[in-house]
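Let's take a walk through this protein, moving from a few rings outward to the whole chain. Keep the viewer open as you read.

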Amino acid sequence: AEGQTSATGKGRLPAESQLNRAGLTRRWWGHATINPHRDKLLFLTVDEEYLFLQSSTGLVTAFHCETGKQLWSRAIGATDRPTFQASLNDQLLFVINGLKLYAVRKRSGDVVWELDMPAQPASSPVADDMNVYVGFLDGSMYAFDLDKVQDRYSAGLQIGRAHV
């Protein structure tokens, strides 16, 4: 066959011979976990090791970049809440779902902590190894200290925030 039909039957992957004529080759392919009748792919986020696909219902699917192996797929937060594109640091994936910020282990998909936002988020989170930053509709921006958030969450305490 000239191409392969996708899971929904609506799209086709180009045949390897077609790709080769353009000097390309298919490394791997996979499917995000979505409900094709009501869900759509919103965001792709990638680093050196992992590729994350976010759907409109809050599902996140993780793939290993080199092998294409699907590592995990799960709902992060409540279904059908406003989301922004996730961000990454060396260890964690940061996902905003509604009024919550989630820190998720990139390799396993385990939620490390969740944080209630102080206002309506207006931007994707941005992270480094010490903080995760979020902008809000009221024009404010917060920097959340990752070590402090983790310590307080693990202890079952209210999580404080530092205003930037």
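F52 has a relative accessible area of 1%, so it falls well inside the buried class, which takes in anything under 20%. Since this is a predicted model, that value, like the others here, is computed from predicted coordinates. Y50 is buried too, because its relative accessibility of 8% is also under the 20% cut-off.

Those two residues meet through their rings. The whole structure holds 6 aromatic pairs, and Y50 with F52 is one of them, with 6.1 Å from centre to centre and 45° between the planes. That angle makes the pair tilted, because it lies neither under 30 degrees, as in a stacked pair, nor over 60, as in an edge-to-face pair. For another geometry, look at F136 and Y142: their ring centres are 5.2 Å apart and the planes stand at 90°, so this pair is edge-to-face. Both F136 and Y142 are buried. Back at the tilted pair, W72 joins in as well, and ring pairs link Y50, F52 and W72 into a cluster.

Next, the empty space inside. How many cavities of 30 Å³ or more does the structure hold? There is 1, and the largest cavity contains about 30 Å³ of space. Its lining consists of Q54, S55, G58, L59, V60, I76, T83, V95 and N97. Strand 4 (50-55), strand 5 (59-64) and strand 8 (92-97) each give at least two residues to that lining. Sorted by class, the lining has 5 polar and 4 nonpolar residues, with no charged ones.

I76, one of the lining residues, is worth a stop of its own. It sits in the loop between strand 6 and strand 7. Is I76 buried or exposed? It counts as buried, because its relative accessibility is 1% and the limit is 20%. Leaving aside residues up to four places away in sequence, I76 touches G58, V60, V95, N97, Y102 and V104. Several names there may look familiar: G58, V60, V95 and N97 also appear in the cavity lining. L59 is another lining residue, and its C-alpha atom is 6.2 Å from that of I76, with their positions 17 residues apart along the chain.

The loop between strand 6 (70-75) and strand 7 (87-88) also contains D80. Here the backbone is what catches the eye: D80 has a positive phi of about 60°, although it is not a glycine. Most residues other than glycine have a negative phi. D80 is partly exposed, because its relative accessible area of 41% falls between the 20% and 50% limits.

What about a residue further out? V46 belongs to strand 3 (residues 41-46). With 52% relative accessibility, V46 counts as exposed, because the value is over the 50% limit. V46 still has contacts beyond its sequence neighbours: not counting residues up to four places away, it touches L51, C65 and L88. Of these partners, L88 is 42 residues from V46 in sequence, yet the two C-alpha atoms are 8.4 Å apart.

Now for open space. The second largest pocket has a volume of about 160 Å³. Strand 10 (111-116) and helix 2 (146-154) are the elements that supply two or more residues of its lining. Helix 2 gives the largest share, 3 residues. The full lining is made up of N89, Q91, L92, R105, V112, W113, D129, L146, D147 and Q150. By class, 4 of these residues are nonpolar, 3 are polar and 3 are charged. Charged residues are where the two linings part ways, since the largest cavity has none in its lining.

Finally, step back to the whole chain. The protein chain has 2 helices and 14 strands. Of its 164 residues, 38% are buried. Among contacts with a separation of 6 or more, 32% join residues 24 or more positions apart; the contact between V46 and L88, 42 residues apart, is one such case. The chain exposes about 9500 Å², and carbon and sulfur atoms supply 51% of that area.

Key: Residues numbered from 1 in each chain as written. Predicted model: local features only at pLDDT ≥ 70, side-chain atom pairs only at ≥ 80, totals over all residues. Heavy atoms only, no water. Helix = DSSP H or I, 4+ residues; strand = E, 2+ residues; numbered from the N terminus. Buried < 20%, exposed > 50% of the residue type's maximum accessible area, 1.4 Å probe, protein only. Contact = heavy atoms within 4.5 Å. Areas by Shrake-Rupley, 256 points an atom, 1.4 Å probe, with all protein chains shown as cover. 1 Å grid on protein atoms, 1.4 Å probe; cavity = no way out; pocket = protein on both sides within 12 Å on 5 of 7 lines; lining within 4 Å. Points joined across faces, edges and corners; volume = space filled by probe spheres on them. Nonpolar A, V, L, I, M, F, W, Y, C, P; charged D, E, K, R; others polar. Phe/Tyr/Trp six-rings, centres within 6.5 Å; stacked < 30°, edge-to-face > 60°.
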